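Morning, everyone. Please bring up the structure on your screens. I'll keep this short.

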Protein chains: 2
Amino acid sequence: MKLFEPIQISTLTLPNRTAVTAMVTRLSGEDGFVNQAIIDRYESFARGGAGLIVVEATSIHGGKSGPLLRASSDEFVLGLASIADACHAVSESRVFLQIIHFLKIARSGWRQKITDLSTEEVERLPAMFADAAARTKRAGFDGVELHMAHAYTMSSFLSRRNRRQDRFGGSLENRMRLPSMVIQAVRDAVGEAYPVGIRFDAEECIKNGYSLPDSKQFALRFAELGVCYVSLSAGGKFEDAIHKPGDPLYPYTGYSGDRCMPGTGYENGFNLYLAEGIRSALRAHGFDTPVIGSGKIPPELAEQVLAEERCDIVGMARPFLADPWWPSRIQQGKADEIVRCTYCNVCKNLDENFKKVACYLWPKGAEHAPAPGERPAPAMTWTTDPALRAEIVRGRVRLRWDAPAGGPATGYDVFRSTNGMDFERFLATVRTHTVDKMAVSGRRLSYYVQAYDAGGQRSLPTNIVEAELPAWNAG
Amino acid sequence: MKLFEPIQISTLTLPNRTAVTAMVTRLSGEDGFVNQAIIDRYESFARGGAGLIVVEATSIHGGKSGPLLRASSDEFVLGLASIADACHAVSESRVFLQIIHFLKIARSGWRQKITDLSTEEVERLPAMFADAAARTKRAGFDGVELHMAHAYTMSSFLSRRNRRQDRFGGSLENRMRLPSMVIQAVRDAVGEAYPVGIRFDAEECIKNGYSLPDSKQFALRFAELGVCYVSLSAGGKFEDAIHKPGDPLYPYTGYSGDRCMPGTGYENGFNLYLAEGIRSALRAHGFDTPVIGSGKIPPELAEQVLAEERCDIVGMARPFLADPWWPSRIQQGKADEIVRCTYCNVCKNLDENFKKVACYLWPKGAEHAPAPGERPAPAMTWTTDPALRAEIVRGRVRLRWDAPAGGPATGYDVFRSTNGMDFERFLATVRTHTVDKMAVSGRRLSYYVQAYDAGGQRSLPTNIVEAELPAWNAG
């Protein structure tokens with residue numbers, strides 16, 4: 001599988017083409033220090049076999065911001081080192097630290113803007129990034145990722161809505177100036193050989209925001225400056241965020257927030273055109289900089305998009321949260337056992353409320369995903385006959401099944417075949433019924449369901465049911 | 001030029017690859033009849049040499065809706081015929097009529113939704129489309145375009161937010177059912193040979209809306225049903241529209257509205273990834289259905305995107321409003337004389353307020369763009385020396401020039417060269433100063449400016465000025 005071909009990023013080799021993109025855990029205290037829960041979280045990604053692990057956004061400055069890691073002074077190095085060490089001790093995963101600068105927000109809804117910064121304050125930012133990057137290197141990380149995406153400072157400079165009147169705003173070159181200075185300062189601090197990756201928005205998804213024409217220019221500039229990869233996100237901006245009175249503005253509440261962390265309502269692979277566009281611009285200009293694509297990529301699509309060269313590395317956050325053993329299960333031929341993200345965004349909601357980020361699919365009360373085999377599955381069995389029923393209701397295929405005995409079942413995988421032989425999983429759900437929303441008429445469809453427990457162990461399949469959607473003009 | 005290679009759409013040959021996409025004129029009365037002003041408007045597009053002219057959205061049902069054409073009963077055929085006739089009499093342009101169904105809106109902000117329609121009401125829609133299409137054919141149009149984009153009925157069925165509980169909603173097949181039935185009914189009414197085109201959103205640009213994964217499926221279905229082209233738009237939805245108290249909801253006021261009619265703040269070619277994605281899906285499935293791309297495409301980009309096969313036909317609305325002679329001027333080697341749309345969206349604002357749609361670049365009070373030579377240019381001359389000045393201000397190239405004598409100048413074209421020889425127009429503006437926002441450091445830049453009057457006639461160029469943007473790390 002393409003997914004498990006090693007890939008070179010700068011001086012490093014990743015053992016495979018999966019990446020855990022940075023996601024906050026809210027596991028640290030307000031003090032910003034690493035604790036055992038955080039170490040355990042990342043160690044599980046390493047044990048699970050991720051090619052690249054990008055550790056959550058770590059602040060390069062002091063100041064309160066809810067529970068968030070910090071790399072703003074030397075006292076944090078030892079703790080950070082324990083994350084890198086723990087990962088390195090158990091796998092070949094490469095571990096980067098994402099470093100971030102953000103501006104102030106208040107519960108009143110007020111937020112500091114980049115136009116509030118003096119030129120001198122802006123000019124201090126590259127050194128702050130450089131210092132944090134140097135600490136990252138000292139802590140033993142394999143590389144550093146500069147956070148230039150979403151609602152945060154660097155992204156606001158890149159934004160087409162950057163209205164600064166000095167040499168840091170108002171034109172493409174000026175918008176790229178600070179990010180370019182930051183990359184160069186980081187490079188000077190960590191040396192030529194140390195890998196520096198960038199995560200940025202390939203599209204802002206807000207009014208008067210930028211899309212591919214501008215973001216291709218960013219990617220070319222970053223490649224020129226020698227970044228080891230570009231990792232692409234979208235949206236996640238303050239400009240269209242919905243303010244809940246009494247809460248600080250959360251940049252994942254508007255349309256752009258949905259584009260950043262698409263929920264159940266969105267199509268799989270929604271944002272992949274961005275990776276595709278950036279990658280083709282880089283290649284057309286002779287850069288082989290690897291491109292990390294992301295946004296609702298289930299396992300089958302992951303292999304496909306790599307094979308189609310739409311991106312070079314598949315980035316995922318929520319699917320790794322649901323099941324850190326995503327890569328190793330596939331590699332061991334046990335793709336069936338993956339606990340699949342349902343994109344319910346309970347994790348996002350926890351983040352929004354400064355609570356410890358957990359997955360709805362974990363066992364109740366668990367702080368981490370259970371390891372494979374950690375909780376031997378009680379044998380779940382289908383006791384009703386037939387356990388699975390299909391009916392055509394108002395032009396849609398409706399499936400219903402009964403919960404198995406011997407559970408509790410955490411969730412269900414639903415499989416479909418259009419030829420009666422080759423079944424593909426098309427849905428992960430926690431319910432016992434669904435409508436196959438993507439079924440198209442003209443083929444005989446077959447379905448079965450498997451239940452899984454919190455450890456990812458599967459029941460036997462249910463009975464197979466068949467259904468045929470009437471032609472659109474006959475239904 | 002690729003732009004002027006004829007292209008086959010179904011049984012027709014377009015003389016070139018430009019299309020006037022449908023735009024309301026607000027020139028008809030509330031009665032929905034064609035009048036001379038409307039005929040003149042479309043005749044100018046024909047005289048200007050458009051390959052395809054799609055006449056504005058024409059209602060298939062009765063009912064008030066502000067000034068809008070109608071094809072809802074036979075009494076409208078004669079008037080509609082006069083548009084087709086007038087165009088055919090003066091050029092090889094092919095003329096389609098766009099037909100539309102929309103739901104009710106009220107000044108209170110209330111709007112009828114597709115879930116308010118009974119199944120029986122939905123089932124009546126295909127016949128209404130078919131009747132209007134039959135009238136279109138009888139009126140002598142070369143084809144009919146079915147409006148399935150933006151905030152209107154058919155688009156709401158295609159929408160991922162279609163929550164109907166019957167066989168017309170809730171799944172991909174059900175969402176496509178009514179549009180498929182409409183196409184088939186239209187086909188039955190007009191015969192196999194009559195060209196039927198579709199305009200639809202390739203991306204909804206709203207929360208929980210669809211993007212390419214779904215819209216590729218739509219395109220494949222429409223191609224299967226034999227449409228002669230797919231014309232792609234984006235957004236323009238009610239769901240994120242901003243309600244002005246006392247006015248009916250206007251679906252081009254939110255982010256999705258901006259994506260539909262991007263203003264000055266957006267990049268050129270912003271939406272082309274959609275045409276590219278749909279086209280590659282069609283080709284991969286063996287369909288050669290032509291794809292019309294649109295969204296801020298200036299002349300240089302038009303030729304480029306055709307050459308790169310990102311779309312097959314370049315669709316434009318506002319640029320044709322600004323200058324109906326866009327194609328013929330290029331074909332005659334007078335691309336310099338195009339009056340270029342500045343995307344100021346004054347036209348959109350007029351539409352929003354149910355006023356006659358005009359272009360800000362036309363002579364004051366004019367109802368139409370002046371024809372070339374219609375108003376012989378007073379000789380505009382640059383009387384200050386130097387007329388054009390460049391300076392580097394805070395990392396940006398700032399250009400200033402004086403208005404020429406002998407005007408009035410309607411606007412200015414600003415040209416740039418990165419090698420001192422090959423100049424490209426990069427901006428059309430009505431101001432006498434600009435910042436070159438897309439300039440990137442590391443090249444010596446040269447600029448000149450030409451003024452133009454309302455007839456598109458150009459002054460001589462100003463003096464050439466040079467500027468060099470300091471490197472990003474030296475500015």
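I'll talk about the interface first, and then about the cysteines.

One caution: this is a predicted model.

So, how many residues does the contact take from chain A and from chain B? Chain A gives 56 residues, and chain B gives 55 residues. The area buried between the two chains is about 4600 Å². Carbon and sulfur atoms give 52% of that. Three residues deserve a look: A:Lys207, A:Glu267 and A:Trp472. They supply 17% of the area that chain A buries against chain B, more than any other three residues.

Next, the charges. The rule finds four salt bridges across the interface of chain A and chain B. One of them joins the side chains of A:Glu203 and B:Arg259, at 3.2 Å from N to O. There are also 27 residue pairs in polar contact across this interface.

Which helices of chain A are involved? α5 (172–190), α6 (212–224) and α7 (255–260) each supply at least two residues of the side that touches chain B. The largest share, eight residues, comes from α5(A). By class, that side of chain A has 21 nonpolar, 18 polar and 17 charged residues.

Now the cysteines. The structure holds zero disulfides over all chains. Take A:Cys260: the nearest cysteine sulfur, in A:Cys205, is 8.9 Å away. A:Cys260 is buried, at 14% relative accessibility.

Why is A:Cys359 not bonded to A:Cys344? Because the two sulfurs are 6.4 Å apart, too far for a bond. And A:Cys344 holds the closest cysteine sulfur to that of A:Cys359. A:Cys359 is buried too, with a relative accessible area of 15%.

That's it from me.

Notes: Residues numbered from 1 in each chain as written. Chains lettered and ligands numbered in written order. Predicted model: local features only at pLDDT ≥ 70, side-chain atom pairs only at ≥ 80, totals over all residues. Heavy atoms only, no water. Contact = heavy atoms within 4.5 Å. Buried area = accessible area lost by both parts, 1.4 Å probe. Polar contact = N/O pair within 3.5 Å; in protein donor to acceptor, adjacent residues only side chain to side chain. Helix = DSSP H or I, 4+ residues; strand = E, 2+ residues; numbered from the N terminus. Nonpolar A, V, L, I, M, F, W, Y, C, P; charged D, E, K, R; others polar. Disulfide = S-S within 2.5 Å. Buried < 20%, exposed > 50% of the residue type's maximum accessible area, 1.4 Å probe, protein only.
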